Amino acid sequence: RSRAFAATRARSCFIFPEAFPVRQFCLLLAKHRYFEQSIIALIAISSLLMMFQNPLNDPNGWLEQALFVANLVFTAVFTLELLIKCMAYGVFCGQPGRPAYLQSSWNMLDAFIVIITLA
């Protein structure tokens with residue numbers, strides 16, 4: 001029974017084996033040295049752009065429209081990051097030396113923010 005659980009646990013989301021091509025691509029991407037740095041840079045840029053949002057601005061003005069589109073783009077990118085990491089590492093069950101997505105406090109915070117943004 002324990003061997004069957006271990007085999008299932010090795011699959012991302014209990015479905016995708018390590019050799020699955022999409023999972024291999026997601027692992028390659030998530031482990032790339034620039035992936036995390038790029039996401040952190042996008043978080044910083046997104047935070048800086050939030051400083052320009054003002055409820056007193058004209059909602060149909062160019063600035064508010066540009067910020068709205070930028071927010072949609074950032075939401076899509078951060079959602080894609082979540083999906084890539086979940087496919088690569090699994091959601092709940094990790095492996096030795098490679099914890100699952102929700103076994104990291106930072107990823108739990110990221111997932112919470114993305115889910116609230118999408119809601």
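Among contacts in the protein chain between residues at least 6 apart in sequence, what percentage join residues at least 24 apart? The share is 54%, where a contact means heavy atoms within 4.5 Å. The model is a predicted one, in which local features need pLDDT of at least 70 and side-chain atom pairs count only at pLDDT 80 or more, while totals for chains, interfaces and linings use all residues. Residues are numbered from 1 along each chain as its sequence is written, and side-chain values use heavy atoms, with hydrogens and water left out.

The overall layout is a good place to start. The protein chain holds 5 helices and 0 strands, in the order α-α-α-α-α along the sequence. Helices (H or I, at least four residues) and strands (E, at least two) are DSSP runs, numbered from the N terminus. Of the 119 residues, 29% count as buried; buried means under 20% relative accessible area, exposed over 50%, and partly exposed in between (1.4 Å probe, protein chains only).

Next comes the interior. The largest nonpolar core has 18 residues, and Leu82 and Ala88 touch the most other members. Such a core is a set of buried Ala, Val, Leu, Ile, Met, Phe, Trp, Tyr and Cys residues joined through side-chain atoms within 4.5 Å. Two or more of its residues come from each of α2 (21-31), α3, α4 and α5, with α4 supplying the largest share, 9 residues. Beyond its neighbours within four places in sequence, Leu82 is in contact with Tyr101, Ala111 and Val114.

Empty space can be explored too. Rolling a probe the size of a water molecule over the atoms shows where such space is left. On a 1 Å grid over the protein atoms alone, with a 1.4 Å probe, a pocket is an open set of points with protein on both sides within 12 Å along at least five of seven lines, and lining residues have an atom within 4 Å of a point. The largest pocket encloses about 450 Å³, a volume being the space filled by probe spheres set on the points, which are joined across faces, edges and corners. Its lining has 19 residues, with Ser46, Met50, Phe78, Ile113 and Thr117 nearest the centre. Helices α3 (33-50), α4 (62-89) and α5 (105-118) each give two or more residues to this lining, and α4 gives the most, 8 residues.

One of the residues nearest the pocket centre, Ile113, sits in helix α5. Ile113 counts as partly exposed because its relative accessible area is 44%. Ile113 and Thr75 are 38 residues apart in sequence, and their C-alpha atoms are 9.8 Å apart in space.
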